[in-house]
Amino acid sequence: MAATESAMRRGSAGQRRAGVGDRGGPLGGLMLAPAVIYIVALVGVPFVMAIALSLSSATIGNPSIHGFIGLQNYFTVVHEAAFPIALRNSVIVTIATLVLVVILATAESELLARDFRGKWFWQILIILPWAMPVSLAAVNWLWLLDSEFSPVDWILRQIGVLGPGSLLGPAGHLYYYGREGVGLAAMTAINVWRLLPLGTIIVLAGRTAIPHDIYEQAQVDGAGFFRVLFRITVPALAPILVVVAVFAALVVFGDMAIVAITTHGGPGYSTQLLPYWAYLKGIEGGALGEGAAVALYMFPILLAAAILALRMAYRSENG
Amino acid sequence: MATLELRGIEKHYAGVHAVDGIDLKVRDGEFLAILGPSGCGKSTTMRMIAGLEMPTIGDILIGDEVVTRLPPRLRNVSMVFQSYALYPHMSVAENIAFPLKAAHMPRAEREQKVAWAAKLMGVEPLLKRRPARLSGGEKQKVALARALVRAPTLFIFDEPLSSLDAQVRAMARGELRQLHDRTGITTVYVTHDQIEAMGMGDRIAVMKSGQVRQLGTPQELYSNPADTFVASFLGTPPMNLLKRDGRIVGFRPECVRVAHAGAAMADGAFRLEVKVIEVEFLGADWQVYAHAEGGSEIHKLLARVNSGDAAALKVGESAQFTVAPADLRYFDATTGKRIEHGGN
């Protein structure tokens, strides 16, 4: 009797020892560790290195960060002719993209929030660009906007708005990547095309979360389609739209793939964008310090945009 | 202010007749309650009146105008949803002003109207608040203010009290009815709660399986139910129904008397041998649970009796219930429809 009792006590004591999983502190630390290590190693370290590089005279040939030269790189790059153009172009493409993505994603979600015949087909079409590899998509767009063989030009010629004596001028081609305005528009179009599917999914998720009652109430209260859209849907979606806008802005402002594949920033610097300019300077041109400085000019702009947007989102939720 | 008329309304969903032929006339200024269990088609009927659903067959007239094909915004109908459906991103004042803005009312007039509606519903101190910071009762008042601010031709209420606490609900019932009496606007009130329907409605339309089973004043419905469904749906506790001689006999629990041994009985009184199961004290009277004896099946009965009668009853023992002939209602055993005379 006494033996079994002590055996039981031993057994239960053995089971009762708390494991790592029972202690909140260490467990939380363990579970956070991968994310922390990841961020420190792949975001924190390169960021600090970039700051160090930007303050040094490092080049590809002499990549030492010991040659401290203060803010000189920052002054140098600002005074180059390409910088203001690249900054302006980056801002134009980013703002144009996010405005278009927000408008089109709202429109598409408005469409997909309704029930209609063949809805699945349109859903697949709308999501398709997202599933496409960027390189494939870029080649597609290169061909679509080719100087000589662009099918868009062909269609414009066929409907009579391009060519001698027509709306878009006498030339038979628009030379998309050869002209400043058209080149920026083409890059904007590619960005919009690429970001719209995800934007639509995010907005649609927000749209379906709005209680249906509110829409019926608005109808009974006498509101037509546009009043419902602008007074009910858009204000209710505001926090989500801000998220989409910030997301689009961060992706577009930091992206150099599209400009690298399409216009290469030309002709001259006329369609140059900041991230590609930083790449050309730092990696292609070998001036690591100056390249880092160009890239770091983008940081306060992105940070300010993110803080502003998150604040707006917070206010619209709690106001 | 207007009349409302439904002419042969049917609504089919994928072959199911959710509403199956409703003819209904609501008088100008009347408070009509549509009462029925869930799934009876009352909500669909209401949504068709508001214009949120299109009837498959039939016509809806507001005033003397056919509005069947008109969208909700052209009907000048105000609706209060069960959830109140306040616009979450607008202040209370903006919520109340919304129908006026939609009607393009000038700003000065609009502000005046909002102030009037807010005062009428007593929500003036809340005008700057967002709906998220209102209590259930406050939300209801704001929803009512929004509904009445533009002087609609018709009010539609979709179970507006069901999300309130029991205590607030009784109060809100009174306020709603007073609001109707003050404005005189024709009202359709949809509910599954017979106490609300009985207490507030000028008339009640009892619905089941997409059809109106009976339309009448609460008193008519209570004392002369058209069929066994209405008889068992109205009244707490409901009418007792039991099979006798190939018919169904019904009587209200409060019509039961207990036969005292040796006492003389009125002529033609209905007598019933019962076994007393339970006796509950309710305050003003007593509630008796009993099983009717005889016949192949056991009928559960309820009776409301005074303390004198209750004293004569013992749990577990037999007793004799009697009901005066005037209090008896007869129904067809197969159709459940009321038979006008006892037909002895």
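Which residue separation accounts for 63% of the contacts in chain B with a separation of 6 or more? Residues 24 or more positions apart do, where two residues are in contact if their C-beta atoms, placed from the backbone, lie within 7 Å.

Before you click around, some housekeeping. You're looking at a predicted model: local features need pLDDT of at least 70, side-chain atom pairs count only at pLDDT 80 or more, and totals for chains, interfaces and linings use all residues. Residues are numbered from 1 along each chain as its sequence is written, while chains are lettered from A and ligands numbered from 1 in the order in which they are written.

**Stop 1: colour chain A by confidence.** pLDDT is the predictor's confidence in each residue, from 0 to 100. Chain A averages 80, and 92% of the residues score at least 70. Select helix H1 (residues 2–16) of chain A for the lowest confidence in that chain, a mean of 54; helix H9 (residues 212–220) of chain A has the highest, at 90. Helices (H or I, at least four residues) and strands (E, at least two) are DSSP runs, numbered from the N terminus.

**Stop 2: show chain B alone.** Its C-alpha trace spans about 80 × 45 × 30 Å along the principal axes, and the chain has nine helices and 19 strands. Of the 344 residues of chain B, 39% count as buried, meaning 20 or more other C-beta atoms lie within 10 Å of the residue's own, with C-beta atoms placed from the backbone.

**Stop 3: colour chain B by domain.** The bounds come from an automatic or database domain assignment, which gives domain 1 (4–228) and domain 2 (241–339). The centres of these two domains of chain B, taken over C-alpha atoms, are separated by 39 Å. Where they touch, domain 1 of chain B supplies four residues and domain 2 of chain B supplies seven.

**Stop 4: zoom in on a sheet in chain B.** Select E11, E12, E18 and E19 of chain B: these four strands form an open sheet in that order, with antiparallel pairing. Two strands pair if DSSP finds at least two bridges between them. E11 and E19 (338–339) of chain B stand at the edges, each with a single partner strand, so one side of each has no neighbour in the sheet.

Now follow the strands across:

- E11 (residues 240–244) and E12 (residues 247–251) of chain B are joined by five bridges. B:Leu241 has B:Gly250 as its bridge partner, and B:Lys243 stands opposite B:Ile248.
- The hairpin of E11(B) and E12(B) has two residues between the strands; select B:Asp245 in the turn to find a positive phi of about 55 degrees.
- Four bridges link E12(B) to E18 (residues 329–332) of chain B, with B:Arg247 partnered by B:Asp332.

**Stop 5: bring chain A back.** Which elements of chain B give two or more residues to the side that touches chain A? They are strand E6 (77–80) and helix H2 (92–102) of chain B. The contact takes 17 residues from chain B and 15 residues from chain A.

**Stop 6: finish in the core.** A nonpolar core is a set of buried Ala, Val, Leu, Ile, Met, Phe, Trp, Tyr and Cys residues joined through C-beta atoms within 7 Å. The largest one has 148 residues, and those touching the most other members include A:Ala245 and B:Ile96. Helix H10 (residues 225–254) of chain A gives the largest share, 13 residues. Last click: B:Ile96, whose contacts beyond its neighbours within four places in sequence include B:Val114, B:Ala145 and B:Val149.

Note on methods: A residue is buried if 20 or more other C-beta atoms lie within 10 Å of its own, exposed if 12 or fewer, and partly exposed in between; C-beta atoms are placed from the backbone.
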